[in-house]
Amino acid sequence: MEQITGRALILAASAIGAGLAMIAGIGPGIGQGYAAGKGAEGVGRQPEAQGDILRTMLLGAAVAETTGIYALVIALVLLFANPLLNLL
Amino acid sequence: MESGFGPRIIWDSGVTVPGLDFLGTFKVTETVLVTWIIMLVLVVFSIMATKKLEKVPGKLQMVLEILVGAINNLTKQTMGEDKMAFAPYMGTLLIFLAVSNILGLFAIRPPTADLNTTLGLALITFVLIHVNGTKRKGVGGYLKGFAEPVFFMLPINLISEIATPISLGFRLFGNIIGGFIIMSLVYNALGGLSGMLFGPSALPIFQTGLPAVLHVYFDLFAGILQSFIFTMLTMVYISMAMD
């Protein structure tokens, strides 16, 4: 049987880790959907305030997105700039 | 970094800072070059466009007046009448970020796809928040604001203050680099597909058409939205520290 090198093991584990990190994408999905739904409700109730509601909703959606972006950055670091390989 | 998605290095001066050799040599990356080009274009355009201002505005002056009015209005609504002095900075930030995010349309790597740019802008916001907060409330009053509502909240408040520029910088960076990487993956896949069907030397014909839809979303929509959000959050954080 072929030997598994430490480098190959780290690369494989990092790929799995990057995939697992992106599970965090569920959170922003739920949060932004909630914000958009409430925004639509608000516009339906008060169509003249559409501009204000849109701005507030976008701001809230952007803040809700933060955790997803952190997960994306971690996944990118694991894939492209892996710090673990230098520890070998 | 092996395959790497960092910006290309255009020129390596080979000069190191004495005593800080571990930082490596001074390099001019694609980010720096494109940022300077954007700055040059914006400055030259601003000077040329405002050279001949007339009482009855022409077409260009009309567009510029609408833009400046919109930015002033946004600042007034978000920050309040007393903080209108921030409008020029916010307008500059908005226009710079919008132009640099859109550059992906022209197959140029956006400067905001580099953490150095976004984190630098976020640090400017961080300094603005605390300097203006201290100016408005005085040193003692501002520092006391961190220990509210009860004293043991102090460490949590401090951590959230430090998290502000980090989340601001990473949000813009993550959005733009995510779109950039997806675009390059799609271009590679389509090039590979046409290579498989028509031989490796054929024109990558599938690269026309489909990426245009993705460009509209990732570069135009997400780019302008993210620059708007960065500016809005900067305004909100500064006015929160001052009120």
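**Phe230(B) and its neighbours**

I started at Phe230(B) and looked up what this residue touches in the predicted model. Leaving aside residues up to four places away in sequence, I found Leu93(B), Leu97(B), Thr118(B), Leu121(B), Ala122(B), Thr125(B), Leu168(B) and Leu172(B) as its partners. Two of the names on that list are threonines, Thr118(B) and Thr125(B).

**The core around it**

Next I asked which residues touch the most other members of the largest nonpolar core. They are Leu97(B), Phe230(B) and Ile238(B), in a core of 40 residues. Leu97(B) was already in my notes as a contact of Phe230(B).

I then checked which elements supply at least two residues each to this core. From chain B I noted H1 (30–49), H2 (59–79), H3 (87–102), H4 (115–137), H6 (154–198) and H7 (210–242). Chain A joins in as well, through its own H3. The top contributor is H7(B), which gives ten residues.

**Where the chains meet**

With chain A already in the picture, I turned to the contact between the two chains. How many residues does each chain bring to it? I count 18 from chain A and 24 from chain B. The buried area comes to about 1,700 Å², and carbon and sulfur atoms give 72% of that. On the chain A side, Arg55(A), Leu59(A) and Phe80(A) lose the most area to chain B; together they make up 34% of what that side buries.

I also looked for charge pairing and polar pairs across the contact. There are zero salt bridges between chain A and chain B. Polar contacts do turn up, in four residue pairs, with both residues at pLDDT 80 or more.

Which elements of chain A give two or more residues to this side? They are H1 (6–21) and H3 (50–80). H3(A) gives the most, with 14 residues. Sorting the chain A side by class, I get 13 nonpolar residues, one polar and four charged.

**A glutamine in H2 of chain B**

My last stop was Gln61(B), which sits in helix H2 of chain B. Is Gln61(B) buried or exposed? It counts as buried because its relative accessible area is 11%, below the 20% cut-off. Its side chain reaches the backbone nitrogen of Glu54(B) at 3.1 Å. Beyond residues up to four places away in sequence, Gln61(B) touches Lys52(B), Leu53(B) and Glu54(B). I therefore have Glu54(B) down twice, as a contact of Gln61(B) and as the residue whose backbone nitrogen the glutamine side chain reaches.

Methods:
Residues numbered from 1 in each chain as written. Chains lettered and ligands numbered in written order. Predicted model: local features only at pLDDT ≥ 70, side-chain atom pairs only at ≥ 80, totals over all residues. Heavy atoms only, no water. Contact = heavy atoms within 4.5 Å. Buried area = accessible area lost by both parts, 1.4 Å probe. Salt bridge = Lys/Arg side-chain N within 4 Å of Asp/Glu carboxyl O. Polar contact = N/O pair within 3.5 Å; in protein donor to acceptor, adjacent residues only side chain to side chain. Helix = DSSP H or I, 4+ residues; strand = E, 2+ residues; numbered from the N terminus. Nonpolar A, V, L, I, M, F, W, Y, C, P; charged D, E, K, R; others polar. Core = buried A, V, L, I, M, F, W, Y, C linked by side-chain atoms within 4.5 Å. Buried < 20%, exposed > 50% of the residue type's maximum accessible area, 1.4 Å probe, protein only.
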